[in-house]
Amino acid sequence: MTSRLRLLPLLALLSLTTCVRNPATGKRMLSLVSQQDEIALGKQSAEEVRGSIGLIQEPKVQEYVARVGLPMAKASERPELPWTVQAVDDPVVNAFALPGGPVFVTRGLLTAMNSEAELASVLGHEIAHITARHSVEQLSQAQLAQAGLLLGSVLSEDVARFGGLAAAGLQLLFLKYGRDDERQADELGFKYMLNAGYDVRQAANVFATLDRVGKAAGGQSLPTWLSTHPDPGDRVKTAKERAAKANVDFNQLKDGREEYLAMLQGMAYGDDPRQGFFRGNVFMHPGLRFQLTFPQGWKTANQPQQVAGISPQEDAIVGLVPTGNIAPQEAMRRFLAQEGIQPVSAAPTGFPPGAAFFQAQTEQGVIAGVTAFVTQGGTTLQLLGYTGAQQLPTYEDAFRATFSSFGELTDASALAVQPARIELAKVTSPMTLQQFNEQHPSTIPVEELSIINGVQPGDMLPAGRTVKRVTGGVRSTP
């Protein structure tokens, strides 16, 4: 008996002792993560989300999304979890869930939806990922494969922030659910939405809008909510079929269109220029009153917690990230004290005071770079440039020029910019969206306006219909 046990593969032994019943589906699942650890992991990661992306600072919005999502979560198979439903100030069309209860929806997704029922469909889907413990299963499989979790990059935490130009270097956001998990989340989300009294036919509208958002992006900035999910077109069909089979009186189900649109009134739309925008290759940040010039021809990106440029050959990165209320000297000390980071020497003339060269060992080889910490607007900022160790001499002048360009923003027009905002208007008589746009012009193309209103430009809008328009704002220029 003992000898036979010794011959059992470790994976089989672990499977025998770590398979549990899934609370949402009733099926057996692999779990190496206890509920207590699941909750702790979710709370920690949620704090990272709030710190790196930031919440929408409008109580009416936070109260609204919580009022829609929390009842569904607390009526699910896991009511005991410390559920939270919050909106983050990110223009990307996205929603995501973390283990143990935190659910987030972005400002970008909120402005793309058109009813409370549509929002409920999204939140129900994300709640389902938590009730079915999909992320826990992914984490368990990663542990068994001894793969561990990537913290966004093989580089150190600070250097990794620039590696993928991601909104946040959160390991849980890099987990990819399988399509079976996504379909299961659609099914469970449908059930939660229906049990909460929402018109389940609106789920098809969500998938149709997401499909249009993805196609409009041309594959360049595919919404995360789409990127790892089943084909949106198939989901539209499936959602319609699922709703058609529901044995309910749709007249008794809630749509909540007018209440939802009222919540959107005045909400920022798209990128917030107060958090930085580009004029050519010059990055301007009105909020912190600084500007930074990037090398000509480099691809640039402005994310909530970083701005960076990538060389045309994609073998060098230079950029800036805020580090909080910490003295520059202490920030440098902490950076250089990180495991894997080795200081090389002080940077030569032309770099900000205290700048230093460094090297870091990665799985792909040794990188070399330069960094400096400066203070602006009460915040310490890290300037960082790095490339392969052998290529540092090639890019040193570009790094120096970018670092030395850092300075106070004094341009009055840049300091005065405001974000575009959602405004509501009533259709006074039947007309197309194109005609509506002629009467109430928006600062976005009519094709984009049609997507966020869930119609086609030539669709006839009935009298009395509330329509979203977008006013004001500034767009980064190439």
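Good morning. I begin with R289, which counts as partly exposed because its relative accessibility is 38%, a value that falls between the 20% and 50% cut-offs. I should say at once that the model before you is a predicted one.

R289 sits in the loop between β8 (282-285) and β9 (290-293). Its backbone deserves a remark: phi is positive, at about 60°, although R289 is not a glycine. As general background, most residues other than glycine have a negative phi.

A second residue belongs in this part of the talk. E314 also is not a glycine, and its phi is positive at about 60°. Where is E314 placed? E314 lies in the loop between β11 (306-310) and β12 (316-324). As to accessibility, E314 has a relative accessible area of 59% and therefore counts as exposed, the cut-off for that class being over 50%.

Let me turn to helix α4, residues 59-74. How far apart should the ends of this helix be, given its 16 residues? At 1.5 Å a residue, the expected span is 22 Å, and the end C-alpha atoms are 21 Å apart, so the two values agree. The helix nevertheless has a bend of about 30° at R67. A proline, P71, follows R67 within four residues.

Which residues of α4 are buried? On the N-terminal side of the bend residue R67 they are V61, Q62, Y64, V65 and A66; after R67 come V68, G69, L70, M72 and A73. The cover over these buried residues includes the strands β3 (84-88) and β5 (102-106). Helices contribute to that cover too, among them α5 (107-112), α6, α9 and α13 (257-264).

My last topic is the interior space. The count comes to one cavity of 30 Å³ or more, and the largest cavity has a volume of about 90 Å³. Its lining consists of 11 residues, and those nearest the centre are S121, D186, F190, A203 and F207. The elements giving two or more residues to this lining are α6 (116-131), α9 (179-195), α10 (202-216) and α12 (232-245).

Which element gives the most to the lining? That is α9, with four residues. Helix α9 thus appears twice in this talk, since α9 is also included in what covers the buried residues of α4. What is the chemical character of the lining? Six of the lining residues are nonpolar, three are polar and two are charged.

Thank you for your attention.

Methods: Residues numbered from 1 in each chain as written. Predicted model: local features only at pLDDT ≥ 70, side-chain atom pairs only at ≥ 80, totals over all residues. Heavy atoms only, no water. 1 Å grid on protein atoms, 1.4 Å probe; cavity = no way out; pocket = protein on both sides within 12 Å on 5 of 7 lines; lining within 4 Å. Points joined across faces, edges and corners; volume = space filled by probe spheres on them. Nonpolar A, V, L, I, M, F, W, Y, C, P; charged D, E, K, R; others polar. Expected span 1.5 Å × (residues − 1). Bend = angle between axes of the 7 residues up to and from the residue. Buried < 20%, exposed > 50% of the residue type's maximum accessible area, 1.4 Å probe, protein only. Contact = heavy atoms within 4.5 Å.
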